[in-house]
Amino acid sequence: MEAGRERTGGCLCGGVRYKATPRSETFGACHCGMCRRWSAGPYLEVDCAPGSLKIEDRTHLGVYRSSEWAERMFCSKCGSSLFYHFLPKDAYSLALDTLDDLSGLEFAEQIFVDEKPAAYSFAEQTTMKTREELMAALNAVRES
């Protein structure tokens, strides 16, 4: 999988700005209950290439430890959801719509599809993973 081009982004008020290089030119959606509460809908995300996330000013960066393996980061000034941090691999995903430019990105994967409410659906054909399938993959990552 070829890495994407460096992109910039930030929160609604501009208090948190960043640069990052996506792992690829794709994005995904998480339908788990935590992500839906955090982002007021499915969490649309872009996975960052390792070590590529550079936050310009952390003054307004809030961090919430949402589980033993993850943190969620947001702007403490305007409340924008910004980053999901998977602690075991120090991996970050960006909230899709915090990017300044979405051009060239393709919808590729949906996770926790067994928790997706019936109230919405996406027309695009993507890879679909249930909670069980994703947890098995995450356990394999933690053990490696």
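Reader: In what order do the three strands of the open sheet lie?
Author: Happy to start there, with the reminder that this is a predicted model. The pairing in this open sheet is antiparallel. Its edge strands, β1 (7-10) and β5 (54-55), each pair on one side only. The order is therefore read from one edge to the other, a strand being a DSSP run: β1-β2-β5.

Reader: Which residue in β5 stands opposite Lys19?
Author: Strand β2 covers residues 17-20, and β2 and β5 pair in the antiparallel sense over two bridges. The residue in β5 that Lys19 faces is Lys54.

Reader: How many bridges join β7 and β8?
Author: Let's take the strands with their hairpin. Strand β7 spans residues 70-75 and β8 spans residues 81-86. Five residues lie between the strands in this hairpin, and among them Gly79 takes a positive phi near 90°. The two strands pair in the antiparallel sense, and the number of bridges is five.

Reader: What are the bridge partners of His85 in the model?
Author: Strand β8 pairs with β7 in the antiparallel sense, and β8 also pairs with β9 in that sense, over four bridges. On the β7 side, His85 is the bridge partner of Glu71. On the β9 side, the bridge partner of His85 is Tyr92. The two names are Glu71 and Tyr92.

Reader: Which residue takes a positive phi in the hairpin of β8 and β9?
Author: This hairpin has four residues between the strands. The phi in question is near 50°, and the residue is Asp90.

Reader: How many of the residues of β8 are buried?
Author: Strand β8 is mostly covered. One of the elements that give two or more residues to the largest nonpolar core is β8. The count of buried residues in β8 is six of six.

Reader: Which residues have the most contacts inside the largest nonpolar core?
Author: That core has 20 residues, and the elements giving two or more residues to it are β2, β3, β7 and β8. Phe83 is a good place to look: among its contacts beyond four places in sequence are Tyr18, Leu53 and Leu94. The residues with the most contacts inside the core are Tyr18, Leu53, Phe83 and Leu94.

Reader: How many residues does the second, separate core have?
Author: Nonpolar side chains tend to be buried together in soluble globular proteins. Here a second core includes Cys32, Cys35, Tyr84 and Ala95. Its number of residues is 14.

Reader: What is the angle between the ring planes of Phe27 and Phe107?
Author: The structure holds five aromatic pairs. One of them joins Phe27 in strand β3 (residues 26-30) to Phe107 in strand β10 (residues 106-111), 80 residues apart. Both residues are buried. Their rings are stacked at 4.9 Å centre to centre, and the angle between the planes is 5°.

Reader: Which ring has the charged end of Lys116 over it?
Author: Ring pairs link Phe27, Phe107, Tyr120 and Phe122 into a cluster. The charged end of Lys116 is 5.2 Å from the centre of one ring, that of Tyr120.

Reader: Is Thr98 buried or exposed?
Author: Thr98 is found in the loop between β9 (91-95) and β10. Beyond four places in sequence, Thr98 is in contact with Gly9, Gly10, Tyr18, Ser81 and Leu82. Because its relative accessibility is 8%, Thr98 counts as buried.

Reader: What is the distance of the polar contact between the side chains of Thr98 and Tyr18?
Author: Thr98 has a polar side-chain atom 2.6 Å from the backbone oxygen of Ala95. With the side chain of Tyr18, the polar contact of Thr98 has a distance of 2.7 Å.

Reader: Why does Ser66 count as buried?
Author: Ser66 lies in strand β6 (residues 61-67). Not counting residues up to four places away in sequence, Ser66 touches Met34, Glu71 and Arg72. Ser66 counts as buried because its relative accessibility is 13%.

Reader: Which side chain makes a polar contact with the side chain of Arg131?
Author: Arg131 lies in helix α2 (residues 131-143), and it counts as partly exposed because its relative accessibility is 36%. Beyond four places in sequence, Arg131 is in contact with Phe112, Asp114 and Glu115. The polar contact is 2.5 Å, and the partner is Glu115.

How values were computed: Residues are numbered from 1 along each chain as its sequence is written. This is a predicted model: local features need pLDDT of at least 70, side-chain atom pairs count only at pLDDT 80 or more; totals for chains, interfaces and linings use all residues. Side-chain values use heavy atoms; hydrogens and water are left out. Two strands pair if DSSP finds at least two bridges between them. Rings of Phe, Tyr and Trp (its six-membered ring) pair if their centres lie within 6.5 Å; planes under 30 degrees apart count as stacked, over 60 as edge-to-face and the rest as tilted. Buried means under 20% relative accessible area, exposed over 50%, partly exposed in between (1.4 Å probe, protein chains only). A charge sits over a ring if NZ of Lys or CZ of Arg is within 6 Å of the ring centre and within 35 degrees of the ring normal. A polar contact is a pair of N or O atoms within 3.5 Å; within protein, one must be able to donate a hydrogen and the other to accept it, and residues adjacent in sequence count only if both atoms are side-chain atoms. Contact means heavy atoms within 4.5 Å. A nonpolar core is a set of buried Ala, Val, Leu, Ile, Met, Phe, Trp, Tyr and Cys residues joined through side-chain atoms within 4.5 Å.
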